[in-house]
Amino acid sequence: MGFKLRRTKTKYLEYKFSSELGEVGRDVRLGAQVIPKRSSFKYLGSIIQGGEEIDEDITHHIRVGWIKWRLASRVLFDKRVSSLIKDKFYRVVVRQAMLYGAECWPVKNSHTQKIKVVEMKMLMWMFMHTWMDKIKNEVIQEKVGMAPMDDKIREARLRWFGHVRKKSPDDPVRRCESLALVGTRRCRGQPKNYWGEVIRQDMALLQISEDMALYRKV
């Protein structure tokens, strides 16, 4: 294909598709060069781990959200700026950064709760409140007119599922999605398909079916 591989910068990650022990002590080489092994790596703004967990990715996006928050602090803390402008600015700059790639997260309740705690802290600071004021989270969310974080994550996940569902059955992305939905956690020697389970839970909660994604109006 005409590509060149820089050996000194190349690393690899091993993904465990089963609980069985693989070969121990074997090096991966390019000629005489031993390729270092990594437990995770950053790709397209997300952290890919060598397992089923996404803890590092969640932590990474929260960190990015705080960076965006600090960069936007002049607008978010300015009393001359209206609440409506602050709300829109927060959604576009900060929340988008934290939810980047959320459509593919096999998210757990602990992950969602972690992001919700961070967001409520940001929103309270934005409106000059502290925990001592004893204001409920729902009051803050109603004040800014913002949907709960878990609803937005579910929306992104189902939107992505709908896009993939419309693709041709021979499309590689569609095939990967089908495997994630068909697999079960109880099968030995197979990866834990948390994403497929989360999608099923979403559809059960909203009382929708897979076929609805094929009809845009529905």
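Two aromatic rings of Phe, Tyr or Trp, the six-membered ring being used for Trp, count as a pair when their centres lie within 6.5 Å. With that criterion in mind, let me turn to the structure, which is a predicted model.

The whole structure holds five aromatic pairs. In one of them, Trp66 and Trp69 meet edge-to-face, with 6.3 Å between centres and 90 degrees between the planes. These two residues are three apart in helix α1, residues 55-71, and are therefore separated by about one helical turn. Both Trp66 and Trp69 are buried. Ring pairs also join Trp66 and Trp69 with Phe77 and Trp125 in a cluster.

Another pair is formed by Phe161 and Trp195, whose ring centres are 6.5 Å apart; the planes stand at 55 degrees, so this pair is tilted. Because Phe161 belongs to helix α6, residues 149-165, and Trp195 to helix α8, the pair ties together parts that are 34 residues apart in sequence. Phe161 is buried, at 3% relative accessibility, and Trp195 is buried as well, at 11%.

Helix α8 also contains Asp202. Is Asp202 buried or exposed? Its relative accessible area is 4%, and since buried means under 20%, Asp202 is buried. Its side chain makes a polar contact of 3.5 Å with the side chain of Arg154. Beyond its neighbours within four places in sequence, Asp202 touches Arg154, Arg157 and Leu158.

Finally, the surface. Leu205, Leu206, Ile208, Met212, Leu214, Tyr215 and Val218 make up a nonpolar patch there, with about 670 Å² of accessible area together. Of these, Ile208 sits in the segment after α8 and is partly exposed, with a relative accessible area of 33%.

Notes
Residues numbered from 1 in each chain as written. Predicted model: local features only at pLDDT ≥ 70, side-chain atom pairs only at ≥ 80, totals over all residues. Heavy atoms only, no water. Patch = residues over 30% accessible without salt bridge, like charges linked within 9 Å, V, L, I, M, F, W, Y side chains within 5 Å. Areas by Shrake-Rupley, 256 points an atom, 1.4 Å probe, with all protein chains shown as cover. Salt bridge = Lys/Arg side-chain N within 4 Å of Asp/Glu carboxyl O. Helix = DSSP H or I, 4+ residues; strand = E, 2+ residues; numbered from the N terminus. Buried < 20%, exposed > 50% of the residue type's maximum accessible area, 1.4 Å probe, protein only. Polar contact = N/O pair within 3.5 Å; in protein donor to acceptor, adjacent residues only side chain to side chain. Contact = heavy atoms within 4.5 Å. Phe/Tyr/Trp six-rings, centres within 6.5 Å; stacked < 30°, edge-to-face > 60°.
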